[in-house]
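Student: I would like to learn how to read the contacts between chains. Please take me through them step by step.

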Amino acid sequence: MRFSFPLMALGLEVAMIVLFGLFAEYETDHGMIYQPNTTQITESERFFQLYPLFQDVHVMIFVGFGFLMTFLKKYGFSGVGINLFVAALGLQWGIIIQGILHSHGEKIQIGIKNIINADFSTATVLISFGAVLGKTSPIQMLIMTILEIAAFAGNEYLVGEIFQATDIGASMTIHAFGAYFGLAVAGILYRSGLRKGHRNEESTYNSDLFAMIGTIFLWIFWPSFNSAIAEPGDEQNRAIVNTYFSLAACVLTAFAFSSLVTHGGKLNMVHIQNATLAGGVAVGTCADMDISPYVAMIIGSIAGVVSVLGYKLLTPCFATKLRIHDTCGVHNLHGLPGVIGGLASIVAIVMGKSKKSTIAMQAAALGSSIGTAIVGGILTGLILKIPFWEQPSDQNCYDDSVYWEVKVGRSK
Amino acid sequence: MRFSFPLMALGLEVAMIVLFGLFAEYETDHGMIYQPNTTQITESERFFQLYPLFQDVHVMIFVGFGFLMTFLKKYGFSGVGINLFVAALGLQWGIIIQGILHSHGEKIQIGIKNIINADFSTATVLISFGAVLGKTSPIQMLIMTILEIAAFAGNEYLVGEIFQATDIGASMTIHAFGAYFGLAVAGILYRSGLRKGHRNEESTYNSDLFAMIGTIFLWIFWPSFNSAIAEPGDEQNRAIVNTYFSLAACVLTAFAFSSLVTHGGKLNMVHIQNATLAGGVAVGTCADMDISPYVAMIIGSIAGVVSVLGYKLLTPCFATKLRIHDTCGVHNLHGLPGVIGGLASIVAIVMGKSKKSTIAMQAAALGSSIGTAIVGGILTGLILKIPFWEQPSDQNCYDDSVYWEVKVGRSK
Amino acid sequence: MRFSFPLMALGLEVAMIVLFGLFAEYETDHGMIYQPNTTQITESERFFQLYPLFQDVHVMIFVGFGFLMTFLKKYGFSGVGINLFVAALGLQWGIIIQGILHSHGEKIQIGIKNIINADFSTATVLISFGAVLGKTSPIQMLIMTILEIAAFAGNEYLVGEIFQATDIGASMTIHAFGAYFGLAVAGILYRSGLRKGHRNEESTYNSDLFAMIGTIFLWIFWPSFNSAIAEPGDEQNRAIVNTYFSLAACVLTAFAFSSLVTHGGKLNMVHIQNATLAGGVAVGTCADMDISPYVAMIIGSIAGVVSVLGYKLLTPCFATKLRIHDTCGVHNLHGLPGVIGGLASIVAIVMGKSKKSTIAMQAAALGSSIGTAIVGGILTGLILKIPFWEQPSDQNCYDDSVYWEVKVGRSK
């Protein structure tokens, strides 16, 4: 048992190196490329256009998700540390699995687009990680990373290549998928011993401020997330503008509803850390469409309201009625807003705002994303439930000291 | 009273959506554009050149200002949280009010330049927020955001369109304006009950480190702030280089004077968090001029000295003599260095370093910025003084728990 | 004594202003430039391609190194604060000393390349700062900055211009150099009174989380560090891709070996904060070569293992046997991985992966970097040992309150 995590990590890294040796090579610069909506530019110039957007997404994955999950008073090392581990593994595996699906038998050409997509594929696991935060071991996260990214890549292939649906900001394929996958895993791993809560499942003043580092960086760079793989020109510009305003509107409604639903009209840190981001998720699918900025703001406003209400009403209900305990409330930040994103795209197509997809294909994409996630999550949960993955006991949940060297008396 | 903040926030968001629906549309890509000092490029390429600078400014607004204001031991949630709220509201309102002033009756074309300017317009309110930090309610901040951005946009129109003055890094129109507006508000809202200080108006070791996150990100990205709207080519390059060296020089003089004026030759965290940034403010107006790098360093050096001396000598004097209590010392970080920036531009024009403006126009710009700010701040302060905006009582100042759910015992 | 630090800082800033006045001017835009591997672009366009990479490096220097050094429980102000001071001084001095060496008697033309290189030159001092963290005074750091950057620039000139060696990510010229310089200084300044440790030389839960801010930002932006001065086109793309995968692989082996060597199979924060970055250092010299992504992953994997083993085995041994106390373990993060980087480049040349240099020249570069660093470090150490630089007494080590105003009771 003592050696299972390190040996599996080393074994997986060796496997990744072998897979990269067999299947991956550098993309080479072929000079001029055709870009819709703009003039011809060289591949090298395109690289420099996208590199800053890639780095923004990179910050979201490692700082954004990482610090957002440091809000628990004794689980910050795992929040940011296991986030780093999962993402570093996931991006390697994502390159391989996405590459094999998309490269039609040729070698995977690694360039800026692959590393953006590799970062994206890790996001699904990090979202699911939020649902089970504090209740799983590093080795369980390692297994989930491998299984979930495979399921994600399969669903993404289905949505993009078979259904030909549009989901530029990945509301459905990343956010809804990651949330429902995580909820399914959390449901299978449900601990009835913790149904009355756990003394460590709370934040401190400082841990809430560390979490705000994650929130703010996610909020800032979300326009890059939603636009990184959009077509250059008007579509990419719209993806940035729509996301910018959806997020701004979402902040106002999230603050307003946080105050409305909280005792004494106060603001609640959980809402502010999470629901202010729901606008970025919800506008994702429509982000590059010609929906008008004010519609992006309406989508963001609705997402902020729904997300706060989700934290207030649904999360407790899920825990007690459905026996699904969602530590970070990923259903409210990623699940519901992801569904809103998919539905918004259907409305937009009905209104004639996009010719790129059809109602049926968008509905199929939404259904496939949720369905694959739930089935994949249940199967993954069953594998993770096998009792030799070093799960923490109920009383050791939400406590770094089980997996990290933490000096006594340092937990303040 | 319980519902005034959420209802006003929701009402404002609805108003923003209506305004955007009526007045805003996406900018569309018209292909090749003329750029002074360089070859023709497409609008899409220009977008990608500016987007990274926009994101740097975005980080300054939300991480920089936000965390800089977490230095108080019990007011970190408000520092970073209300900063987010104010900026999210302000950027929507800024787009509308600036757009209406500049669009000559046509629809506002929203592209990268607008969202950079929208971020800029929020900076004024965030600077003023620093002057009243801990002594106002969220609803007062909401009202101040609306009023101050209107005043800011009016003054900026006057300075740029009527006076045709130059102020590329906005030393006068943002920094001096925001500081004197905030000081005027703080003067009107003066609380004589707090003239001997308040037990919560101090930092802790951790809150000082959180504030340093803000300082360092502001410091790093200031070259982008001062150059984002400069002419491409030599002028933009100079704006970056001048700001880079002005800030570096400012760090040395700020550290030196912090040690000189502090008991035992020690360094003082307030000086390091703030005065090290004064060089970015002070070089702003001249940033794109051909002043030579060493002159930028002289400007930065002076700003570092003046800012530390301001904290040591002026801030206490303002509080006791002028009955203006400036929580963050924005006068020393933004006010005085902003004035230095305006004066430096006059000297630069006298020396023939810029043909873009005249001494009279720069002096008019500086006078207008300070004058509009003081008048606007006094009027805003009088409105905020009306006793139904949920102001905290004197003893509840600088305490998050008045407006946020904070568990007892979490404030360390 | 009371005035030595501020007066030296002011004197140096005056000297910098004089040197810039004499030797520096803005680079001007000459329009079209030739770029190998790509089409012609204008200097202005090249500026915008490099500016985001510059800002990434800037974040690494000020946030990355700065917060990484906040891990000590009572030395966070100095970690991030003195880091800012050293880097702000170093970048000015680096421009001058590098400029004089490379400008062949003409004025130094300051553009984007210089400010990237100026940031690089500060990195060496910040690495060495890690070796002596907590045991030196600000004035000692100021002196070390001046001396080390001169030695660095001399060695870099030797390596690049005389040996014509290749070291695109500066594994040898920055990382190995900075580490061995710092170790030499630490050896000379060895305090036998602290050979049994010091009660302040430990972290707290929050200080470890602050340090993770540094780690994560360094990790994210390392591809920009290794590629910023690479040739545009395939080489720059490879530098980014190789660094991305080397770092990802390094995370897996660092986590695995941290668990393997730590009591009870737990993870150790020191390893996670540092060894996860070793892959960025080790792949540096080869980063732009056509080594294949899987080889980059092998290099990163090895670096992760070596770095953790260094922390476990070498650091304690250095402190007791060699009387070299390395506070941050820079030998494990920068020294050994830097040597691996140099050796990897020799292997790559043997395998025919690069025609840019020869085995002999790479070996000379590695030898020169280590040799110059050790000699320069010993000489610098001897100067710093002169007993009027306000060194802290043994019992005052690792304590901000010696040089900073820190309220009693705030150190938690």
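## Reading the chain interfaces

Tutor: Between chain A and chain C there are 15 residue pairs in polar contact, both residues at pLDDT 80 or more. A polar contact is a pair of N or O atoms within 3.5 Å; within protein, one must be able to donate a hydrogen and the other to accept it, and residues adjacent in sequence count only if both atoms are side-chain atoms. This is a predicted model, in which local features need pLDDT of at least 70, side-chain atom pairs count only at pLDDT 80 or more, and totals for chains, interfaces and linings use all residues. Residues are numbered from 1 along each chain as its sequence is written, chains are lettered from A and ligands numbered from 1 in the order in which they are written, and side-chain values use heavy atoms, with hydrogens and water left out.

Student: How many salt bridges does the rule find across the interface of chain A and chain C?

Tutor: The rule asks for a side-chain nitrogen of Lys or Arg within 4 Å of a carboxyl oxygen of Asp or Glu. Across this interface it finds 0.

Student: What area do chain B and chain C bury between them?

Tutor: The size of an interface is often given as the accessible area lost when the parts come together. Here the loss is counted with a 1.4 Å probe and summed over both parts. For chain B and chain C the buried area is about 5800 Å², and carbon and sulfur atoms give 74% of it. On the side of chain B, Y205(B), Y244(B) and L252(B) lose the most area to chain C, together 15% of what that side buries.

Student: Which element gives the most residues to the side of chain B that touches chain C?

Tutor: Helices (H or I, at least four residues) and strands (E, at least two) are DSSP runs, numbered from the N terminus. On that side α8(B) gives the most, with 19 residues.

Student: How is chain B laid on chain C?

Tutor: Two copies of a chain are related by a rotation about an axis and a shift along it. Superposing by least squares on the C-alpha atoms of residues with pLDDT of at least 70 in both, chain B fits chain C with an RMSD of 0.0 Å after a turn of 120 degrees and a shift of 0.0 Å along the axis. The two copies are therefore related as by a three-fold rotation axis. In chain B, the C-alpha nearest that axis belongs to P52(B), 3.6 Å away.

Terms used: Buried area is the accessible area (1.4 Å probe) that two parts lose on being put together, summed over both.
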